[in-house]
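Hello,

Here is the structure we talked about passing on. Please open it alongside this message.

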Amino acid sequence: MKVHGRCNLACRYCYLYEGPDTGWRDRPAAASDAVLALTADRIAEHAAAHRLPAVSLVLHGGEPLLAGTDRLAAFAALVRRRVPAPTRVRVTLQTNATLLTAARVRDLARARIAVGVSLDGGRARHNTARVDHAGRPSWPAALRGTRLLAEHAPEAYAGILLVVDPEQDPAEVYTSLLRLRPPAVDLLLPHGNWSAPPPGLHPPPGPPARTGAGAPAPYGDWLAAVFDLWWAAGRRQTRVRLFEEAIAALLGLPTGTESLGLDPFTAVVVETDGSLEQTDSLKSAYPGAAATGLTLGRNTFDDALTHPGIAARQSGPAALAADCRACPLLHACGGGHYAHRHRAGAGFGHPSVYCADQQRFLHHVAAALARATGTGPARDPTTAGEGGTR
């Protein structure tokens, strides 16, 4: 739910406000009371129709704290009142933490809203791209807000979301985050594709193809280095969602991320004007990539499920490139993040621009699993014949 469509920061790499899709300029800055009420009704309607055991509601932006904690708490309470029992409603807010104060932290904790923080690392030099609209660093305020959360409301601290930068030392970044005591860390690859490659990647011209073993994989190397620190720790200091999901995918278990596996896509975005869209990551591809033409006033969430863009992401291997369907990592990788498969003029029917990185990372995790289960490094689950990743 886009409770607020503007941000108090101007991060230099932001794919939403610095990317090709400028549709946010034409929408209200904040969702109205009517949009919030209708959103609550649509969520309740969907939960009842499908007898959902749980609903995950993410309060997003922009910077959602610009809407005010009173408003956020009231909306969370409204959704919980309207969603019928026994469906559970988990509410999470994703923030840059710069606007967190002790009072706001208490308000969010009291409203049972979990708080996730977006950072680029646990030190000032990791966050030089995260500046305000005057170009001033956001790190002092973000650090203060994150510490308030960890110290005064650990029960509401959901964790830290970090976009991987292969230019930063992986061990230093990971250990710096641990000092902020996050219960979980979410590592994301920067959004890019074959026509607009992410930093440090130089895909070959021409039709994209699976890059295969041996190709440069700076992001895969970075993730593998952090995985080793996490895996070898004497006790688990934090959850790392990507690592847990990779292990689950390699063992044939369900995953809950867009970046790995073949489980159906299960999220929809409500914009500040009540439009229903696909996730913002698609806006990194081209203007209008996330649009569906649906609105809360005219359409249900079931209508969104039938939209061609969302339906394509429900069809498993059938939606993937031939190279992906033939790959031993198919069931673990799942073709990678949908937005990362795009090529201008040719759509999304390609391997991920991060194909080599995905392979490097998943083979590394698979080898660790093989050693831990006593099957030895020669029996990598991704190349083990009938066992495979299925």
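Below is what came out of it, starting with the sheets. Please keep in mind that this is a predicted model.

The six-stranded sheet

One sheet is open and has six strands. Their order is 1-2-3-4-5-6, and the pairing is parallel. The edges are strand 1 (54-59) and strand 6 (239-240). Each has a single partner strand, so one side of each is left without a neighbour in the sheet.

Look inside this sheet at strand 3 (residues 113-119) and strand 4 (residues 157-163). They pair in the parallel sense, over five bridges. To find the register, start at Val115, which stands opposite Tyr157 in strand 4. Helix 4 (residues 139-152) lies across strand 3 and strand 4. The helix runs at about 150° to strand 3.

The three-stranded sheet

Another open sheet has three strands, in the order 7-8-9. Here the pairing is antiparallel. Strand 7 (269-270) and strand 9 (291-295) are the edge strands, and each pairs on one side only. Strand 7 joins strand 8 (residues 275-277) through two bridges, again antiparallel. Val269 faces Glu277 of strand 8 across that pairing.

As background, the strands of a sheet pair through backbone hydrogen bonds, in either a parallel or an antiparallel sense.

A helix pair

Helix 1 (residues 33-50) packs against helix 2 (residues 69-82). The angle is about 30°, and the axes are 8 Å apart. An angle under 35 degrees counts as roughly parallel, so helix 1 is roughly parallel to helix 2. The crossing is right-handed. On the helix 1 side, the contact residues include Leu36, Ala40, Ile43 and Ala44. On the helix 2 side, they include Phe75, Leu78 and Val79. Charged residues take part too: Asp33 and Asp41 from helix 1, Arg71 and Arg82 from helix 2.

Cysteines

How many disulfides does the structure hold? Zero. A disulfide needs two cysteine sulfur atoms within 2.5 Å. The sulfur of Cys324 has its closest cysteine sulfur in Cys355, at 6.3 Å, which is too far for a bond. For Cys327 the closest cysteine sulfur is also in Cys355, at 6.4 Å, again too far for a bond.

Are Cys324 and Cys327 buried or exposed? Cys324 is buried, because its relative accessibility is 8% and buried means under 20%. Cys327 is buried as well, with a relative accessible area of 13%.

Best wishes

Definitions and conventions
Residues are numbered from 1 along each chain as its sequence is written. This is a predicted model: local features need pLDDT of at least 70, side-chain atom pairs count only at pLDDT 80 or more; totals for chains, interfaces and linings use all residues. Side-chain values use heavy atoms; hydrogens and water are left out. Two strands pair if DSSP finds at least two bridges between them. Helices (H or I, at least four residues) and strands (E, at least two) are DSSP runs, numbered from the N terminus. Buried means under 20% relative accessible area, exposed over 50%, partly exposed in between (1.4 Å probe, protein chains only). Axes are lines fitted to C-alpha atoms, for helices over the stretch in contact, and angles run from 0 to 180 degrees between N-to-C directions. Angles under 35 degrees count as roughly parallel, over 145 as roughly antiparallel, 65 to 115 as roughly perpendicular and the rest as oblique. A crossing is left-handed if the near helix is turned anticlockwise from the far one by less than a right angle, and right-handed if clockwise. Contact means heavy atoms within 4.5 Å.
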